[in-house]
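I opened the notebook with a short list of things to look up. The core comes first, then strands, a helix and charged pairs.

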Amino acid sequence: MMRLDKFLSASTAYSRKNVHDLVKKNSVSVNGTPAKRADMKVDETKDIVCVNGKQILYRKFIYLMLNKPQGYLSATEDSKDPVVVDLVPEEFKHFAPFPVGRLDKDTEGLLLLTNDGQFDHELMSPRKNLFKRYYAELDAPAVPEDIETFAAGMDFKEFSAKPAKLEIDPDDPQKVYVEISEGKYHQVKRMCERIGKNVVFLKRVAIGNLKLDDSLECGKVRELTPDELALFGW
């Protein structure tokens, strides 16, 4: 059981003061009866709470899919550049979501946002060995030997990249797919540089078994479905 004003302020963009005002205007109902007090107790799992006739479902956490455009930092704030949370619709902003992991500023594609710290920890944990899949366009054709180089892993000055998967587009060898289990700074670009190619375009298309929604326009956000969350065991 929880207070009505807490229920609504947690589940909507309404502040507790807003809720008190709505109750005074008879705009809030519980199980079909107008609420008399904002501090009345409700059962978040059973009671039907409505504002202006629209049912409000209680939720503590949100899980969002963003098709990140270039030019945005994977951060919640920055003094110079726009950040990915700027793209979050108003209906979700009061949850204070943050990016799960990161994508480089000039990289597009799948980025998750949440306010659930445990979800973030689970997905980012090295023990998960969760692969991220990228589509890349190169300035020179990839060759079969490059596949073996990626599969062997690579040593860099500050870290060792685990064995990675490289797939070459049979119709255009300058287009490739790369799967890595880490997410080091510029890792895909640096691995491609190691085989003598520069990345001219990079887009993340999947995290584990979750694929970027093809219908989600660049810069747009939507909630993950229960089936998509289940892909992460959530």
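**Entry 1, the core.** I am working from a predicted model. I started with the largest nonpolar core, which holds 34 residues. Within this core, F150 and M191 touch the most other members. I then looked up which elements feed the core. β7 (63-68), β9 (108-114), β10, β14, α6 (187-194) and β15 each supply at least two residues. I kept one general point in mind: in soluble globular proteins, nonpolar side chains tend to be buried together.

**Entry 2, F150.** Which residues does F150 contact, leaving aside its neighbours within four places in sequence? I found P163, A164, L166, V178, M191, C192 and I195. M191 thus turns up again, having been named beside F150 for its contacts in the core.

**Entry 3, strand β10.** I moved to β10, residues 132-138. Six of its seven residues are buried, so the strand is largely enclosed by the rest of the structure. I looked up its partners next. Strand β14 (residues 175-180) runs antiparallel to β10, and six bridges join them. On that side, E137 has K175 of β14 as its bridge partner. Strand β15 (residues 199-207) also runs antiparallel to β10, with seven bridges between the two. Here Y134 is matched with R204 of β15.

**Entry 4, helix α6.** Which residues of α6 are buried? I noted Q187, V188, K189, M191 and C192. I then asked what covers them. The cover includes β10, α5 (144-151), β11, β12, β14 and β15. After the helix comes G196, and its phi is positive, near 85°.

**Entry 5, salt bridges.** My search of the whole structure gave 17 salt bridges. As general background, side chains of opposite charge can pair when their charged atoms come close. I wrote up three pairs and one network.

- R190 pairs with E158, and their closest N and O atoms are 2.6 Å apart. This pair links distant parts of the chain: R190 sits in helix α6, E158 in the loop between β11 (154-155) and β12 (160-161), and 32 residues separate them. E158 counts as exposed, at 53% relative accessibility.
- D5 pairs with R3, with 2.7 Å between the closest N and O atoms. D5 is buried, at a relative accessible area of 1%. R3 is partly exposed, at 32%.
- E122 pairs with R127, with 3.3 Å between the closest N and O atoms. E122 is buried, at 15% relative accessibility. R127 is exposed, with a relative accessible area of 60%.
- R133, K165, E167 and E179 are linked in a network of salt bridges.

I checked one label with the cut-off in hand. Buried means under 20% relative accessible area, so E122 counts as buried at 15%.

**Entry 6, S27.** Is S27 buried or exposed? S27 lies in the loop between α2 (16-24) and β2 (28-30). At 15% relative accessibility, S27 counts as buried. Not counting residues up to four places away in sequence, S27 touches L22, C50, V51 and N52.

**Last note.** I put the items on α6 side by side. The helix supplies at least two residues of the largest core, M191 is among its buried residues, and R190 ties the helix to E158.

Technical notes. Residues are numbered from 1 along each chain as its sequence is written. This is a predicted model: local features need pLDDT of at least 70, side-chain atom pairs count only at pLDDT 80 or more; totals for chains, interfaces and linings use all residues. Side-chain values use heavy atoms; hydrogens and water are left out. Buried means under 20% relative accessible area, exposed over 50%, partly exposed in between (1.4 Å probe, protein chains only). Two strands pair if DSSP finds at least two bridges between them. A nonpolar core is a set of buried Ala, Val, Leu, Ile, Met, Phe, Trp, Tyr and Cys residues joined through side-chain atoms within 4.5 Å. Contact means heavy atoms within 4.5 Å. A salt bridge is a side-chain nitrogen of Lys or Arg within 4 Å of a carboxyl oxygen of Asp or Glu.
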